[in-house]
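User: I am new to this structure and would like a close look at how its helices pack against one another. Please go through the contacts and then some of the residues around them.

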Amino acid sequence: MYLYDYEKIIKTRAAAQKFLLKFCWKNYQRFCPRCRCRKLYKLSSGKRRCSKCGYTFHDFSRRFINYGQLSPRQWLRFLKLFELEVTTDVMAKQLDVSYNTVRKALTVLRLAILAHSLDGPQIIASLSLLSLLKNKPPARRISPILGILERSDQVFVDFLPDLSLETVIHFKLNFHLQTKNIGHIVYSDRYKEYLSILFYDDGISAQYGLKHNGKSLAIDGNKNFWAFAKPRLKRFKTMNPQRFLLYFKELEFRYNHRNSDAFTTLASYLCALIPNDTLNNS
């Protein structure tokens with residue numbers, strides 16, 4: 001999005017709200033986000049109530065944007081800062097909000113990005129990641145294994161549910177799978193059709209006495225996604241395996257949208273209905 005157009009949509013609260021609402025409702029035509037019924041009653045509070053299921057909702061109910069404690073203008077400013085890859089500290093200062101508020105907004109947006117990836121809905125459901133929207137740890141606390149697959153000028157960071165950390169350790173110890181690390185992020189040499197497989201080291205290397213000092217890994221010579229991702233990984237300070245997963249899905253998005261209007265796409269993702277929403281937030 002050109003800066004001139006961006007300045008117009010954040011000029012007033014009404015302009016920001018209108019810009020975001022167009023991604024929520026086609027032609028601004030509302031329907032119940034729970035049952036999709038279009039017969040609604042408008043309440044004095046400004047909310048609407050479904051005539052079929054009785055659900056009371058507002059324009060952002062059951063959407064990612066409903067989480068994060070930011071106003072429409074703040075969300076749009078946040079999206080621009082995110083697009084520009086500004087650090088969390090600088091975001092907090094620019095938005096005049098707390099560091100934790102920005103971290104929550106980052107989690108919300110990264111979940112929205114994940115939900116729109118090819119395997120995103122499966123990942124969200126299998127790992128119970130929607131609980132992160134309410135600052136709760138997922139019910140299933142597993143360490144995901146990811147695989148990097150390149151096709152033409154696109155990259156796919158696949159979730160590999162059939163691989164466990166123990167299996168990867170077995171490959172390393174018994175089949176000499178070469179690995180290296182960037183902080184807590186461990187990546188390997190080629191595995192099947194994947195350029196590399198990755199995991200977040202939450203202490204398992206120390207447990208097995210592993211060293212990640214492989215040489216001549218195929219991925220290190222990659223001049224496409226890995227050359228794009230590696231310097232960004234050095235700036236990333238992940239806290240757990242789930243944030244590691246979300247960050248790599250963010251990198252997948254950034255790489256695949258590096259030549260397109262990422263801002264508008266991010267706004268549409270943020271305004272999307274949450275898949276299989278079980279949070280029942282109004």
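Analyst: Helix H2 (residues 13–24) packs with helix H3 (residues 72–83) at an angle of about 70°, and their axes are 8 Å apart. That angle makes H2 roughly perpendicular to H3, a label for angles of 65 to 115 degrees. The model is predicted: local features need pLDDT of at least 70 and side-chain atom pairs count only at pLDDT 80 or more, while totals for chains, interfaces and linings use all residues. Residues are numbered from 1 along each chain as its sequence is written, and side-chain values use heavy atoms, with hydrogens and water left out. Helices (H or I, at least four residues) and strands (E, at least two) are DSSP runs, numbered from the N terminus. Axes are lines fitted to C-alpha atoms, for helices over the stretch in contact, and angles run from 0 to 180 degrees between N-to-C directions.

The crossing of H2 past H3 is left-handed, a term used when the near helix is turned anticlockwise from the far one by less than a right angle. On the H2 side, Arg13, Ala16, Gln17, Phe19 and Leu20 meet Pro72, Arg73 and Leu76 of H3. Sorted by class, this contact of H2 with H3 has 5 nonpolar, 1 polar and 2 charged residues. Here Ala, Val, Leu, Ile, Met, Phe, Trp, Tyr, Cys and Pro count as nonpolar, Asp, Glu, Lys and Arg as charged, and the others, Gly among them, as polar. Contact means heavy atoms within 4.5 Å.

Helix H11 (residues 262–270) connects this pair to other helices. The buried residues of H11 pack against helix H1 (3–9), H2, H3, H5 and H10. H11 is mostly covered, with 7 of its 9 residues buried, where buried means under 20% relative accessible area and exposed means over 50% (1.4 Å probe, protein chains only). The buried ones are Ala262, Phe263, Thr265, Leu266, Ala267, Tyr269 and Leu270.

Tyrosine 269 of H11 can be followed further. Its relative accessible area is 14%, so tyrosine 269 is buried. Apart from neighbours within four places in sequence, tyrosine 269 is in contact with Phe64, Ala112, Ile113, His116, Phe253 and His257. Its C-alpha atom is separated by 40 Å from that of glutamine 207, 62 residues apart along the chain.

Two of these partners, Ile113 and Phe253, also appear in the contact between H5 and H10. The axes of H5 and H10 come within 9 Å and cross at roughly 60°, and H5 passes H10 in a left-handed crossing. From H5, Arg103, Thr107, Arg110, Leu111, Ile113 and Leu114 meet Arg243, Leu246, Tyr247, Lys249, Glu250 and Phe253 of H10. The contact of H5 with H10 divides into 6 nonpolar, 1 polar and 5 charged residues.

H10 also holds asparagine 256, which counts as buried at 18% relative accessibility. Leaving aside neighbours within four places in sequence, asparagine 256 is in contact with Asp153, Gln154 and Val155.

H5 and H10 return in the surroundings of helix H6 (residues 120–127). Gly120, Ile123, Ile124 and Leu127 of H6 are buried. These residues cover an arc of only 95° around the axis, so they are on the same side of H6; the arc is that of the directions from the helix axis to the C-beta atoms. Their cover includes helix H5 (99–115), strand S5 (154–159) and helix H10 (241–256).

The chain beyond H6 contains two residues to note. Serine 128 follows H6 and has a positive phi, near 55°. Asparagine 135 lies in the loop between H6 and strand S4 (146–151), and its phi is near 60°, a positive value in a residue other than glycine. With a relative accessible area of 61%, asparagine 135 is exposed.

Last comes isoleucine 197, in strand S8 (residues 196–200). Isoleucine 197 counts as buried at 3% relative accessibility. The C-alpha atoms of isoleucine 197 and leucine 246 are separated by 16 Å, and the two residues are 49 residues apart along the chain. Not counting neighbours within four places in sequence, the contacts of isoleucine 197 include Ile145, Leu146, Leu160, Val168, Val186 and Tyr191.

Key: Angles under 35 degrees count as roughly parallel, over 145 as roughly antiparallel, 65 to 115 as roughly perpendicular and the rest as oblique.
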